[in-house]
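Me: Can we walk through this one together? I'd like to ask some things about the fold and get short, reasoned replies.

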Amino acid sequence: MYKQMKFKSDSRTHSYYAGMGDLYTPMRQKHRQALFGIIALIATLCVLYYFESDSGHDYISSPLTTQSGTLYGSGFRGHSNADYSRVTNATLGFSNVFVVGLPERSDKRDALALTSALTGFQVEFVDGVKGESVPDKAVPFKADRQSLWENNLGSWRGHMNAVRRIVEENLESALIMEDDMDWDVRLRAQLEQVAMGVRIILPSGSSSRSPYGDDWDLLWLGHCGEIFPEALPENEGKPHHPKYTIKNDITVAPLNKITGLVEFNKYPEFTRWVHISGAPICTFAYALSQKGARKVLFDLSVDHLLGAYDNALAGFCRDGASGNRDGLQAKCVSVTPPVFFHQRAKGRVTGDSDIQKSDSGDVREKGTTENIVWSARNNIKNMLMGLDMENQFES
Ligand SMILES: *[C@@H]1O[C@H](CO)[C@@H](O)[C@H](O)[C@H]1NC(C)=O
């Protein structure tokens, strides 16, 4: 799919996709030796990833702007690039991609089905439910129907139906997203970096079943704000969790546009982190492993439910990050800034949310998505027609 698109507006990205094939053109011996020297040097540098002692273990990568995506794969701990590229398959390296939403929102389903097809992956819709349809008897222990309000209860149930499918069908993993999601056209390249990061901060041996490694419960890929776990009061004085830092990532929004809870201006522009989850807000998009799905089904339904679904899921991760030995020891990894974000679609503003009510008669002329540079939703026509991609933050 990428090959059909024109990436000439950014040659750096283009070279990232080009891969190693270009290196095997016939060339004279002297040039070849020089090239091998350079490759050996780059590979060595790649193996020498950093420890930054003042902020825990920080592993640095500078992908997406370099041609060395392939070299990173083979340089790091013996994984071959072919292994990471498993995340680029039709279900993004998970067993399935589930989209949760009310079945009557055909507008959202149409847009999501088309956008994912154009980006190169397939989704399966899981019916969301309305809170009113959840009888009192089915409300989990400790959940307070009044303070939760019906819409949050419906949202919880929709997500829980998707989580239960992972358990019932014994899937290795699944990505669960809400039906108004948007992402960058370069999502699959981003996910290769995420997979490298997850496997470095939660290592699980060289031949893992999942391309993201086998030691994670939850990957929080889309959220509306997240902090690093060391910023939480309960983790004061504890050793920091490792982070994987992606520098010079051209798919990160510029500093004056980026949103979230991290103080981004304290860091170099165009930085993204793969890190142990602190306490994310919004369940835009997250993946669960089989083990993770079982823990979540227990912790947020069978055992009890405290608060709205996203807060409860954040609590599950936060407890894991704190190292509570009596808890479920959740292993959650977040990507900040996130690679999924909800789109405010063009059209009537009241259509945005099926949870929040709004009586506004406002109409939006153009869709917008925070933090997503080459919005897949905004580039549907460009992808269909093979035109240049539009950058939301450049006008
Ligand atoms: C994509 O890769 C994952 C992980 O290897 C695998 O479980 C899944 O079945 C693959 N999807 C497809 C459509 O082949």
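What follows is a set of questions and replies on the chain, its ligand shell and a few odd backbone spots.

Me: What kind of model is this, and how many helices and strands does the protein chain have?

Reply: It's a predicted model. Buried residues account for 43% of the 395 residues in the protein chain. As for secondary structure, the count is 10 helices and 13 strands.

Me: Of the contacts in the protein chain with a separation of 6 or more, what share comes from residues 24 or more positions apart?

Reply: Here the sequence separation is what's being counted, starting from contacts with a separation of 6 or more. Residues 24 or more positions apart make up 75%.

Me: Which residues sit around the ligand, and how many of them are polar?

Reply: The shell is made up of R86, N89, A90, T91, G93, S95, E172, S210 and P211. Sorted by type, 2 are nonpolar and 2 are charged. Glycine goes with the polar group, and the polar count comes to 5.

Me: Is helix α7 enclosed or open, and how many of its residues are buried?

Reply: α7 covers residues 187-201 and reaches 21 Å from first C-alpha to last, close to the 21 Å expected for its 15 residues. The helix is largely enclosed by the rest of the structure, because the buried count is 15 of the 15 residues.

Me: In the largest nonpolar core, which element gives the most residues?

Reply: This core has 82 residues, and V198, L218, L219, L288 and V333 touch the most other members. The biggest contribution to this core, 8 residues, is from α7.

Me: Leaving out residues up to four places away in sequence, what does L219 touch?

Reply: L219 is one of the core residues that touch the most other members. With residues up to four places away set aside, its partners are V198, Y212, Y286, A287 and V333.

Me: Which strands pair with β8, and in which sense?

Reply: On one side of the bookkeeping there's β7 (residues 243-246), which pairs with β8 over 4 bridges, with I246 opposite R272. β8 also pairs with β10 (residues 332-336) over 4 bridges, and V274 has V335 as its bridge partner there. So the strands are β7 and β10, and each pairing is antiparallel, while β8 itself is largely enclosed because 4 of its 5 residues are buried.

Me: How many residues of α9 are buried, and what covers them?

Reply: α9 (residues 309-321) has 13 residues and reaches 18 Å, close to the 18 Å expected. The helix is mostly covered, with 10 of its 13 residues buried, among them Y309, D310, F316 and R318. What covers these buried residues includes α6, β6, β8, α8 and β10.

Me: What is the phi of G323, just after α9?

Reply: G323 follows directly on α9 and takes a positive phi. The value is about 80 degrees.

Me: Is N248 buried, exposed or partly exposed?

Reply: N248 is found in the loop between β7 and β8. Its phi is positive, about 50 degrees, although it isn't a glycine. Most residues other than glycine have a negative phi. With 17 other C-beta atoms within 10 Å, where 20 would be needed for burial, N248 counts as partly exposed.

Me: And N371, buried or exposed?

Reply: N371 lies in the loop between β13 and α10, and its phi is near 70 degrees, a positive value in a residue other than glycine. It has 24 other C-beta atoms within 10 Å, so N371 is buried.

Me: What is the omega of the peptide bond from T336 to P337?

Reply: P337 is in the loop between β10 and β11. Most peptide bonds are trans. The bond from T336 to P337 is cis, with omega near -10 degrees.

Me: How far apart in space are F141 and S301, C-alpha to C-alpha?

Reply: F141 is found in the loop between β3 and α6, and it counts as exposed because it has 10 C-beta neighbours inside 10 Å. Leaving aside neighbours within four places in sequence, F141 is in contact with D303 and H304. F141 and S301 are 160 residues apart in sequence, yet their C-alpha to C-alpha distance is 7.9 Å.

Methods: Residues numbered from 1 in each chain as written. Predicted model: local features only at pLDDT ≥ 70, side-chain atom pairs only at ≥ 80, totals over all residues. Near = placed C-beta within 6 Å. Helix = DSSP H or I, 4+ residues; strand = E, 2+ residues; numbered from the N terminus. Expected span 1.5 Å × (residues − 1). Buried ≥ 20, exposed ≤ 12 C-beta atoms within 10 Å, placed from the backbone. Pairing = 2+ DSSP bridges. Contact = placed C-beta atoms within 7 Å. Core = buried A, V, L, I, M, F, W, Y, C linked by C-beta atoms within 7 Å.
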